[in-house]
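Please open the model in your viewer and keep the selection panel at hand. The tour below goes from the whole chain to single residues, one stop at a time.

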Amino acid sequence: MTLDIIIHHGYIITMEGPGCGIINDGAVGIKDDKIIAIGSTSEIMNSYTAHRYLNAEGKAVLPGFVDVHIHSSNAIVRGTSQDLPNSEWMFHSILPMLSAATTDDLVKASMVNLIEGVKSGTTTFGDFDIPMLHLVKNHIKLKTRAVVSDLINDLPRDVTTIESGELYPFDYSSGNEKLDQNRRLIEEYHLSNGGRITCRYGPQAADMCSEEMLREVKALAQKQNVDLFMHVSQFPEEEIQCNLRYGKRAIPFLDELGMLQSNLLAAHLTMALPNELKKVAQSCAGMCMCSNSIVMIDGKLPPAREFLDYGGTVGLGTDQAPGNNCNMMFNEMKFASILTKLQTGNPSVFPAWKILRMATIEAAKALGMDNQIGSLKPEKKADIIIINLMVPHMTPILERPVRNIIPNLVYAARGEEVETVIIDGDIIVDNRRLLTVDESHAIREANEAAKRLESELTQKEWAQSHPLTTFTNDGFY
């Protein structure tokens, strides 16, 4: 049998079984969009021929990373909303800045953010953002696998009027427009592009949506057989608002509405009480852990370890560039492990193998896609990355008595070691070169858009009193 691609002589990290399932001197055979065979190099090379052979000697071959939670367009204001008090971050920084961006600005920023992710090994993105009817076209151009939704809320268009601790004003016409955009997204793109694009509904959070909106979203998701993205119990303000509006905390409120189900991926859960966390885990909803973002913007570590203890499933996400500054899964893996070790005072928790699973097969499971992606197995999608280990910070390679490849991938890799990215059997990145879009052009366009935005933001009255404006004017930034 003649295959399209055979990757041979590599360290094949299948992510099958309870650990990482490594095959030394292994090979993977690909035909069309599927993995056909996996085994030793001699076995695969003796059984198949191929149109193209990729020599992976001195390299790791593993399933592409699954970033379960990213707001890709936020990169238009990358690095502008960190080092702030948590009460300032949402309504006095990130949302006002983004409100000045045009659709064109957001699309161009999203493209460079997705390029960043792809070139550092991400093959599937859980992109939860607006305006997704436009942003989804970037995924189509790049040929990434994407699970996409809009951010639906009932907040007014001018968020600078919102004050913490006071009941949010709702603009139901604005909310209905956002819901309609998400509905159109699903109608036009769900299961499109060979199934690479999957759509969901995305109510932003319990405090930002009316009960009527949440009930309608739930009914629509059930009717159209699609899943949900949602921030759940993320900030102290969310609990304050839910108590003010509904007389109960966010998770009990969502439970009362019947929204804690297996079709929900709940982001963060930072403020969840133990009994609430247990309720979400046992509902079979998944959790996304965005360590860098939440520690940087809220000073807290999401309770992923506890969620796992309750039997839940956790996938890693990179969240947004303004408060995380980068969207690389290597960065996320390293800090998810290190910060949990620090929090618990136990250096043995979240070992490298478990963290790598949370970026691949467990992340796929959190998205309900583990039957298609997340591990290297015959009949699964050919979403594969090849990582060069023959660089100073990944050398030497040891196999006995301790194999060091997995710890070095999690704790030492930087993303630049990713040489090849294959999605749906197509080579998207070849020898570090992106093949689907012009990377230099995308970077130039994003910078031009940011310059336009910069000019507008400097005219805003609220921007003059922004703490980071003061840092800039005083020379600290």
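What follows is a walk through a predicted model, with a selection to make at each stop.

**The whole chain**

Begin with the full chain in cartoon view, where 19 helices and 17 strands can be followed. The radius of gyration is 22 Å, close to the 23 Å that the globule rule gives for 477 residues, so the chain is as compact as a globular protein of that length. If you turn the view along the principal axes, the C-alpha atoms fill a box of roughly 70 × 50 × 45 Å. Now switch on a surface: the chain exposes about 18300 Å², and carbon and sulfur atoms supply 50% of that area. Of the 477 residues, 58% count as buried. Among contacts between residues at least 6 apart in sequence, 71% join residues that are at least 24 apart.

**The largest nonpolar core**

Next, hide the surface and select Ile 13, Tyr 201, Leu 269, Leu 356 and Leu 409, which are the residues with the most contacts inside the largest nonpolar core, a set of 126 residues. Then add helix α3, residues 103-119, which gives the most to this core, with eight residues.

**Aromatic pairs**

How many aromatic pairs does a search of the whole structure find? The search finds eight, and two of these pairs make good stops.

For one stop, select Trp 89 and Phe 235, whose ring centres are 6.1 Å apart and whose planes meet at 50 degrees, so the pair is tilted. Trp 89 lies in helix α2 (residues 86-99), while Phe 235 lies in the loop between β10 (227-232) and α7 (236-246), so the pair ties together parts that are 146 residues apart in sequence. Both Trp 89 and Phe 235 are buried.

For the other stop, select Phe 471 and Phe 476, an edge-to-face pair with 6.3 Å from centre to centre and 65 degrees between the planes. Phe 471 counts as partly exposed, at 31% relative accessibility, whereas Phe 476 is exposed, with a relative accessible area of 66%. Add Tyr 477 to the selection, and you have one aromatic cluster formed by Phe 471, Phe 476 and Tyr 477.

**Cysteines**

Now select the cysteines and look at their sulfur atoms; the structure holds zero disulfides. Cys 209 is in no disulfide, and the nearest cysteine sulfur, that of Cys 242, is 9.8 Å away. Why does Cys 326 form no bond with the cysteine whose sulfur is closest? The sulfur of Cys 326 is 12 Å from that closest sulfur, in Cys 290, which is too far for a bond, because a disulfide needs the two sulfur atoms within 2.5 Å. Is Cys 209 buried or exposed? Cys 209 counts as buried, at 0% relative accessibility, and Cys 326 counts as buried too, at 14%.

**Ala 37**

Finally, centre the view on Ala 37, which has its place in strand β3, residues 34-40. Ala 37 is buried, with a relative accessible area of 7%. Leaving aside residues up to four places away in sequence, Ala 37 touches Ala 27, Val 28, Gly 29, Ile 44, Tyr 48 and Pro 378. To end the tour, draw a distance line from the C-alpha of Ala 37 to that of Ile 251: the two residues are 44 Å apart in space and 214 residues apart in sequence.

Notes
Residues numbered from 1 in each chain as written. Predicted model: local features only at pLDDT ≥ 70, side-chain atom pairs only at ≥ 80, totals over all residues. Heavy atoms only, no water. Buried < 20%, exposed > 50% of the residue type's maximum accessible area, 1.4 Å probe, protein only. Core = buried A, V, L, I, M, F, W, Y, C linked by side-chain atoms within 4.5 Å. Helix = DSSP H or I, 4+ residues; strand = E, 2+ residues; numbered from the N terminus. Rg over C-alpha atoms; globule rule 2.2 N^0.38 Å. Contact = heavy atoms within 4.5 Å. Areas by Shrake-Rupley, 256 points an atom, 1.4 Å probe, with all protein chains shown as cover. Phe/Tyr/Trp six-rings, centres within 6.5 Å; stacked < 30°, edge-to-face > 60°.
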